[in-house]
Amino acid sequence: MPSASDSLIEDIEDMVSFNDPTPQDRQSARKNIMPRSRKKKELLSTEELQADSLIPGTQKIWMKTWGCSHNNSDGEYMAGQLAASGYKMTDDPAEADVWLLNSCTVKNPAEDHFRNSIKKAQDQQKKVVVAGCVPQAQPRMDYLKDLSIIGVQQIDRVVEVVDEAVKGHSVRLLGQKKDGGRRLGGARLDLPKIRKNPLIEIISINTGCLNACTYCKTKHARGDLASYPIEELVERARQSFQEGVCEIWLTSEDTGAYGRDIGTDLPTLLWRLVQEIPEGAMLRLGMTNPPYILEHLEEMAKILNHPRVYAFLHVPVQSASDSVLMDMKREYCIDDFRKVVDFLKDRVPGVTIATDIICGFPGETEEDFQDTLELVKHYHFPSLFINQFYPRPGTPAAKMEQVPAHVKKQRTKQLSELFHSYNPYDHKVLVPKRAEFKGKMIEVDVYEAGKHFMKGQPVENSKPFTPSISMPLRKGEVSGLMQELVVNGVKGAASVRPDSALQVGSYSELLKKLGIGIALAAAILAFIVEKLY
């Protein structure tokens with residue numbers, strides 16, 4: 001049977017065209033070539049030599065996180081992976097080789113602090129890696145030029161990015177996690193993590209939201225709703241309790257919308273999680289917008305009454321004016337918000353409702369603002385987040401006619417004064433700072449109540465109760481890291497602790513611990529390859 005190429009090339013000589021030079025022509029041409037001496041290779045600069053000799057995984061890293069609990073959880077995951085890879089996390093920015101800056105894009109002041117920190121790091125000749133919502137939403141900002149960026153859904157690749165930044169390279173990972181075309185909630189939940197508070201685990205149950213609020217820049221970074229499967233969240237909670245955690249915080253841009261993209265809902269998740277909570281440990285639910293909690297009020301009241309769930313809910317109202325809410329595209333009216341609050345106050349004794357208010361949104365009239373003041377006077381919210389409006393670049397609200405700056409400041413001040421005029425304590429008890437009380441439940445006598453606290457003394461002869469089912473991790477210890485080791489053909493597992501004799505993760509750190517230089521390691525590798533092949 002003739003080959004497929006028979007019709008194209010019948011002989012190898014056919015590959016040379018009639019006009020191609022003959023071997024004689026090529027030889028003749030060589031005679032006319034004048035040899036030139038090569039220039040000596042320029043000496044590498046001191047900076048290039050230093051960069052060439054750097055071993056990623058041996059540097060000290062300082063990390064700063066701004067913003068919400070979701071961002072804080074991302075920061076904890078990044079710190080855990082870096083520590084597991086051999087990097088040393090430090091609380092001292094001056095001694096750090098790399099600054100990892102995890103940003104928030106909600107308000108101008110937060111971005112200003114972020115920008116100033118970048119400049120400060122560069123002035124001190126620090127390597128800089130940026131993360132969080134600011135670079136995700138606006139990676140082409142001038143002050144981010146040439147900086148390495150870790151996208152909000154790429155935190156599982158932080159070690160790769162930092163490794164390259166240490167070597168002087170710029171890497172930008174801004175893509176989305178997808179499975180079969182469906183957007184995922186983000187990086188895996190079982191990644192190594194360093195909790196700021198070893199007793200509290202922050203779990204992001206979903207990313208993004210279903211709204212399109214006209215003032216919100218976070219939407220540009222976190223995108224549309226993408227939820228984690230219930231089983232993954234339950235497993236993360238279970239693992240956290242096994243590591244001594246006694247309090248879990250659920251967080252996201254809108255917890256009330258959880259599951260709508262994967263065919264489930266928030267109450268279903270919460271009932272599953274409640275089954276995993278040890279006696280004395282607690283679950284705290286994060287922020288939910290009014291539209292997505294309305295249909296679950298009956299179930300939410302039952303859940304908030306559960307003895308292992310805090311009777312607390314954060315429901316942002318932003319304004320008590322329907323016209324302002326419409327301009328914000330909040331997708332509810334003030335009566336919807338009142339229905340949520342009234343229902344929960346009636347069905348959940350002692351429930352704490354926290355809320356947010358924006359002062360001076362474009363188009364807000366004095367009458368609109370007075371409606372908001374009346375709402376606060378009526379409910380006396382024990383926890384109230386007051387925000388002066390800041391137009392965020394690229395949002396529809398930034399193009400609206402703005403309320404004068406002095407009016408925004410005056411309204412913010414007036415609302416703050418109202419908030420400080422009443423005194424419903426925030427259910428926080430302060431007791432003497434004693435190490436044996438940390439992470440435990442104790443019986444106290446309350447002797448003073450303030451705006452945001454109650455002070456108490458431990459009842460004499462009462463014994464602290466420990467809700468943790470195992471010894472909590474120490475501060476700075478890496479959570480969720482089990483390394484599989486193979487020694488003489490036998491597999492085993494080892495967890496990473498700060499005082500471990502061997503901290504597995506990065507080859508450079510391993511070599512350093514064993515006292516093996518790079519040159520010797522290369523020679524050993526060459527010997528092994530030679531024997532194998």
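**Exercise 1. Determine where alanine 281 is found and whether it is buried or exposed.**

Step 1. Alanine 281 is found in the loop between helix H9 (266-274) and strand S13. Helices (H or I, at least four residues) and strands (E, at least two) are DSSP runs, numbered from the N terminus. The model is predicted: local features need pLDDT of at least 70, side-chain atom pairs count only at pLDDT 80 or more, and totals for chains, interfaces and linings use all residues. Residues are numbered from 1 along each chain as its sequence is written, and side-chain values use heavy atoms, with hydrogens and water left out.

Step 2. Alanine 281 has 0% relative accessibility and therefore counts as buried. Buried means under 20% relative accessible area, exposed over 50%, and partly exposed in between (1.4 Å probe, protein chains only). Of the 533 residues of the chain, 45% count as buried.

Step 3. Leaving aside neighbours within four places in sequence, alanine 281 is in contact with Phe241, Cys246, Arg308 and Pro467. Contact means heavy atoms within 4.5 Å. Alanine 281 and arginine 308 are 27 residues apart along the chain, and their C-alpha atoms are separated by 6.3 Å.

**Exercise 2. Describe the open sheet of 3 strands and the helix that packs on it.**

Step 1. The strand order is S9-S12-S13, with parallel pairing. Two strands pair if DSSP finds at least two bridges between them.

Step 2. Strand S9 (200-204) and strand S13 (282-285) are the edge strands, each pairing on one side only. On average, neighbouring strands of this sheet are turned by 20 degrees against each other, direction ignored. Axes are lines fitted to C-alpha atoms, for helices over the stretch in contact, and angles run from 0 to 180 degrees between N-to-C directions.

Step 3. Strand S12 (residues 247-251) runs parallel to S13 and is joined to S13 by 4 bridges. Glutamate 247 stands opposite methionine 282 in S13. Helix H3 packs on the sheet and touches S9 and S12; the direction of H3 makes about 110 degrees with that of S9.

**Exercise 3. Describe the open sheet of 6 strands.**

Step 1. The order is S2-S1-S3-S4-S5-S6, with parallel pairing. Strand S2 (88-89) and strand S6 (172-173) stand at the edges with a single partner strand each, so one side of each is left without a neighbour in the sheet.

Step 2. Strand S1 (residues 60-65) and strand S3 (residues 98-103) run parallel and are joined by 5 bridges. Isoleucine 61 stands opposite valine 98 in S3.

Step 3. Helix H4 (residues 108-123) packs on this sheet, touching S3 and strand S4 (127-132), and the direction of H4 makes about 170 degrees with that of S3.

**Exercise 4. State which residues line the second largest cavity, and give the classes of the lining of the largest cavity.**

Step 1. A cavity is a set of points, on a 1 Å grid over the protein atoms alone, where a 1.4 Å probe fits but cannot get out; lining residues have an atom within 4 Å of a point. Grid points are joined across faces, edges and corners, and a volume is the space filled by probe spheres set on the points.

Step 2. The second largest cavity has a volume of about 30 Å³. Its lining consists of Ala237, Phe241, Ile248, Leu273, Ile277 and Leu283.

Step 3. The largest cavity holds about 100 Å³ of space. Among the 15 residues that line it, the closest to its centre are His70, Asp74, Ala187, Ser204 and Tyr228. Helix H3 (residues 69-84) gives the largest share of this lining, 3 residues. By class, the lining of the largest cavity has 6 nonpolar, 6 polar and 3 charged residues. Ala, Val, Leu, Ile, Met, Phe, Trp, Tyr, Cys and Pro count as nonpolar, Asp, Glu, Lys and Arg as charged, and the others, Gly among them, as polar.

Definitions and conventions. 1 Å grid on protein atoms, 1.4 Å probe; cavity = no way out; pocket = protein on both sides within 12 Å on 5 of 7 lines; lining within 4 Å.
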